[in-house]
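Please open the model in your viewer, with the cartoon drawn along the whole chain, and follow the selections in the order in which they are suggested below.

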Amino acid sequence: MLARHHDPITAIATAPGRGAVGIVRLSGKGLADVVAAICGKPLQPRHATYLPFLDADGQVIDQGLALYFPAPHSYTGEDVLELQAHGGPVVLQLLLARCLEVAAENDSDTGRPRLAGLRLAQPGEFTERAFLNDKIDLAQAEAIADLIDASTETAARSAARSLSGEFSNEVHVLLERLVHLRMLVEATLDFPEEDIDFLHKADARGQLERLQRTLAGVMQRAQQGAILREGIKVVIAGQPNAGKSSLLNALAGAELAIVTPVAGTTRDKVSQLIQIEGVPLHVVDTAGLRDSLLPEVDEVEKIGIARAWGEIESADAVLFLHDLTRQHTPENERVARSYRADDAAIAQVLAARLPSHIPVIDVWNKSDAAGESAVAAATTGVVISAKTGEGLQQLRQQLLQLVGWQGAPEGVFMARERHVRALREVDAQLTRAVAQLRAKVPALDLLAEDLRQAQNALGRITGEFTPDDLLGEIFSKFCIGK
């Protein structure tokens with residue numbers, strides 16, 4: 001534990017701005033003197049007490065509720081004091097300053113500061129203390145931030161399940177079975193002279209295969225949880241005036257982007273967060289793709305086109321929008337000549353510039369205005385009308401399928417990409433271990449190492465084998481006061 005982890009800390013624990021209630025929180029060892037100075041009397045543990053909060057002269061700063069949680073029965077595992085006052089910024093700053101002032105004052109009996117070293121908390125430091133003091137594990141700590149940041153009801157419920165320990169419990173079950181397997185292998189290595197086949201009698205191969213099946217179920221739910229947390233970035237691309245902005249407005253259910261018949265109306269990306277079946281969807285409308293050397297393309301539109309390609313290359317999925325009214329018509333040829341960017345040319349560039357794992361959905365727009373022959377010719381992708389809403393539900397479902405969303409069963413828990421990577425590493429190690437056991441002469445030392453590496457990967461999820469730099473990265477993204 002780093003030296004700073006022993007410092008007492010304090011912070012305003014509620015969001016900036018005005019509100020009905022604001023909270024100032026302290027955590028550290030030995031807060032009794034601070035409690036007495038600010039509250040004027042000792043507090044009954046874990047009971048809310050309504051009283052005045054006093055300044056150095058005994059004047060009332062505010063009146064509110066004070067709660068005192070002696071260690072170890074607190075959020076952080078240390079002594080915790082929460083002062084719940086009116087939620088004005090000035091009041092909360094006065095209370096925070098009073099806490100720091102009291103801590104620096106010398107005690108009349110000892111002549112030493114009442115709470116030496118009290119400082120302002122860093123982002124996420126209260127939750128970090130909870131993790132370091134074994135009140136929660138790392139997956140639960142991350143779930144706290146995910147619950148706060150949840151953008152849909154489904155994401156919030158999944159984060160709450162992770163916070164309650166469902167994900168951690170699944171990991172611990174895997175760890176227990178893995179440790180048991182390691183014990184069998186190590187026993188065989190330690191006592192080679194004994195004519196006992198520990199692995200065969202204990203059905204080590206069967207245990208390992210069952211462990212793989214359990215892991216597959218955890219991985220599937222973790223991948224769904226990662227989609228819930230991260231969301232899906234969908235970029236709408238295509239020729240100018242194909243209806244990209246109209247599609248964004250239709251998906252969002254609001255007039256977010258300006259729609260005109262003038263080519264180049266959209267100069268920069270327009271983003272909107274929507275949800276499909278509880279999955280966050282980051283939809284990005286981009287400038288129409290055409291030859292930036294055209295004389296009518298000014299510098300602003302050139303930048304917009306360049307940014308459009310940047311967004312396309314970082315997408316989870318691309319909606320390649322086609323205008324059905326231009327297909328197989330003289331109008332399409334005229335537009336292609338004027339824009340110098342027909343659909344075939346754009347498709348060729350998409351294939352060259354996009355990584356193979358990014359799916360491209362052909363979306364045929366303006367079915368309400370196109371002829372029957374044009375609609376019938378659209379044999380791939382999805383036919384829609386951004387104007388009437390036809391085909392939008394089919395498009396939403398196809399997006400979810402492409403990114404691997406399989407619905408939101410009750411057991412889905414919130415997970416992060418690092419959790420998914422760790423589980424994939426475990427799966428790879430177990431696959432190698434199975435191959436070792438199937439060999440005619442298993443290399444037990446290699447088998448033991450595979451199982452050890454799998455255990456370490458699982459331990460990184462809950463924080464049992466987590467380097468300090470990763471902890472710093474995780475908790476630095478929390479809000480101050482949490």
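Begin by selecting the six strands that form an open sheet of mixed pairing in the order E8-E9-E7-E10-E11-E12, where strands (E, at least two residues) and helices (H or I, at least four residues) are DSSP runs numbered from the N terminus, and where two strands pair if DSSP finds at least two bridges between them. At the edges of this sheet stand strand E8 (270–276) and strand E12 (382–383), each of which pairs on one side only. This is a predicted model, in which local features need pLDDT of at least 70 and side-chain atom pairs count only at pLDDT 80 or more, whereas totals for chains, interfaces and linings use all residues. Residues are numbered from 1 along each chain as its sequence is written, and side-chain values use heavy atoms, with hydrogens and water left out.

**Inside the E8–E12 sheet**

Start at the E8 edge, where seven bridges join E8 to E9 in the antiparallel sense; label Gln275, and its bridge partner in E9 is Pro280. Now select helix H14 (residues 392–402), which packs on the sheet and touches E7, E8, E9, E10, strand E11 (360–365) and E12, contact meaning heavy atoms within 4.5 Å. The direction of H14 makes about 175° with that of E11, where axes are lines fitted to C-alpha atoms, for helices over the stretch in contact, and angles run from 0 to 180 degrees between N-to-C directions.

Next, isolate strand E7 (residues 232–238), which pairs in the parallel sense over five bridges with strand E9 (residues 279–285), and also in the parallel sense over five bridges with strand E10 (residues 317–323). To check the register, label Lys233, whose bridge partner in E9 is His282, and Ile236, which stands opposite Leu319 in E10.

Are the residues of E7 buried or exposed? Seven of the seven are buried, so the strand is largely enclosed by the rest of the structure; buried means under 20% relative accessible area, exposed over 50%, and partly exposed in between, with a 1.4 Å probe and protein chains only. In a regular strand the side chains alternate between the two faces of the sheet. Show the side chains here, and Ile232, Val234, Ile236 and Gly238 point one way from E7, while Lys233, Val235 and Ala237 point the other way, all of them buried.

**H9 against H14**

Keep H14 displayed and add helix H9 (residues 244–252), whose axis comes within 11 Å of that of H14 and crosses it at roughly 85°. That makes H9 roughly perpendicular to H14, given that angles under 35 degrees count as roughly parallel, over 145 as roughly antiparallel, 65 to 115 as roughly perpendicular and the rest as oblique. Leu247, Ala250 and Leu251 in H9 meet Leu392, Leu395 and Arg396 in H14. By class, this contact has five nonpolar, no polar and one charged residues, with Ala, Val, Leu, Ile, Met, Phe, Trp, Tyr, Cys and Pro counted as nonpolar, Asp, Glu, Lys and Arg as charged, and the others, Gly among them, as polar.

**The E3–E6 sheet**

Move to another open sheet, in which six strands with mixed pairing follow the order E3-E4-E5-E2-E1-E6. Strand E3 (49–54) and strand E6 (119–120) stand at its edges with a single partner strand each, so one side of each is left without a neighbour in the sheet. Six bridges join E3 to E4, which run antiparallel, and the bridge partner of Pro52 in E4 is Gln63. Five residues lie between the strands of this hairpin, and Gly58 takes a positive phi near 85°.

Continue to strand E4 (residues 60–69) and strand E5 (residues 79–87), which pair in the antiparallel sense over five bridges; there Leu67 stands opposite Glu82 in E5, and Ala66 has Leu83 as its bridge partner. Adding helix H1 (residues 32–39) shows it lying across strand E2 (19–28), E3, E4 and E5, at about 80° to E3.

**H4 and H16**

Finally, select helix H16 (residues 444–462), whose 19 residues reach 28 Å from the first C-alpha to the last, close to the 27 Å expected at 1.5 Å a residue, the expected span being 1.5 Å times one less than the number of residues. Just after H16, Gly463 takes a positive phi of about 100°. The axes of H16 and helix H4 (residues 138–149) come within 5 Å and cross at roughly 40°, and the two helices are therefore oblique to each other. At their contact, Leu138, Ala139 and Glu142 in H4 meet Arg460, Ile461 and Thr462 in H16.
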